[in-house]
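Okay, thanks everyone, let's get going. I'll put the sequence and the model up, and then talk you through a few spots.

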Amino acid sequence: METNNPPQIRAIDLEDYDTGIEKLAQLHALLVSLSGPQIDGFMRLSQPIQENVLSLATSLARDAHSLLHQSSA
């Protein structure tokens with residue numbers, strides 16, 4: 001039977017935290033601008049621009065994750 005270990009609490013650099021939260025806010029704004037009725041405008045963009053926008057979203061998510069989930073090792 002598997003036991004659940006409590007999450008490890010660790011310190012995080014406040015600058016990294018602030019930057020990570022900023023990246024999440026930017027990602028949120030980008031995704032809101034691409035959802036709902038705005039999706040029609042996105043779909044009218046050229047394929048390369050659509051790919052760049054999605055690449056930007058991926059990059060923001062990756063950066064936020066890296067800043068907010070640093071390894072404790």
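So, S35: buried, exposed or in between? S35 has a relative accessible area of 36%, and since the buried class ends at 20% and the exposed class starts over 50%, S35 is partly exposed. You'll find S35 in the loop that links helix 1, residues 14-33, to helix 2, residues 39-44. And what does the side chain of S35 reach? That would be the backbone oxygen of V32, at 3.1 Å.

I should say right away that this is a predicted model, so please keep that in mind as we go round.

Next up, Q50. This one is in helix 3, which covers residues 47-68. Q50 has a relative accessible area of 12%, so Q50 counts as buried, given that the cut-off is under 20%. Its side chain also goes for a backbone oxygen: the one on M43, at 3.2 Å. Leaving out anything up to four places away in sequence, Q50 touches F42, M43, R44 and L45.

Then there's L27, back in helix 1. L27 comes in at 13% relative accessibility, and therefore goes down as buried too. Which residues does L27 touch, if we skip those up to four places away in sequence? A57, L60 and A61. Here's another pair to look at on the screen: L27 and Q47 sit 20 residues apart in sequence, and their C-alphas are 20 Å apart in space.

Okay, zooming out. The protein has three helices and zero strands, so to speak an α-α-α run from the N terminus on. How far does the C-alpha trace span along its principal axes? About 50 × 35 × 20 Å. The radius of gyration is 17 Å, whereas a compact globule of 73 residues would be near 11 Å.

On burial, 16% of the 73 residues count as buried, and Q50 and L27 are among them. The exposed surface is about 6,000 Å², with carbon and sulfur atoms supplying 58% of that.

For contacts, take those with a separation of 6 or more: 76% of them are between residues 24 or more positions apart.

Last bit, charges. There are 4 positive and 9 negative side chains, and the centres of those two sets are 6 Å apart.

That's my tour. Happy to go back to any of those spots.

Note on methods: Residues are numbered from 1 along each chain as its sequence is written. This is a predicted model: local features need pLDDT of at least 70, side-chain atom pairs count only at pLDDT 80 or more; totals for chains, interfaces and linings use all residues. Side-chain values use heavy atoms; hydrogens and water are left out. Helices (H or I, at least four residues) and strands (E, at least two) are DSSP runs, numbered from the N terminus. The radius of gyration is taken over C-alpha atoms; the globule rule is 2.2 Å times the number of residues to the power 0.38. Buried means under 20% relative accessible area, exposed over 50%, partly exposed in between (1.4 Å probe, protein chains only). Contact means heavy atoms within 4.5 Å. Accessible areas come from the Shrake-Rupley method with a 1.4 Å probe; for residues, only the protein chains shown count as cover. Lys and Arg count as positive and Asp and Glu as negative; His and the chain ends are not counted. The place of a charge is taken as NZ of Lys, CZ of Arg, CG of Asp or CD of Glu. A polar contact is a pair of N or O atoms within 3.5 Å; within protein, one must be able to donate a hydrogen and the other to accept it, and residues adjacent in sequence count only if both atoms are side-chain atoms.
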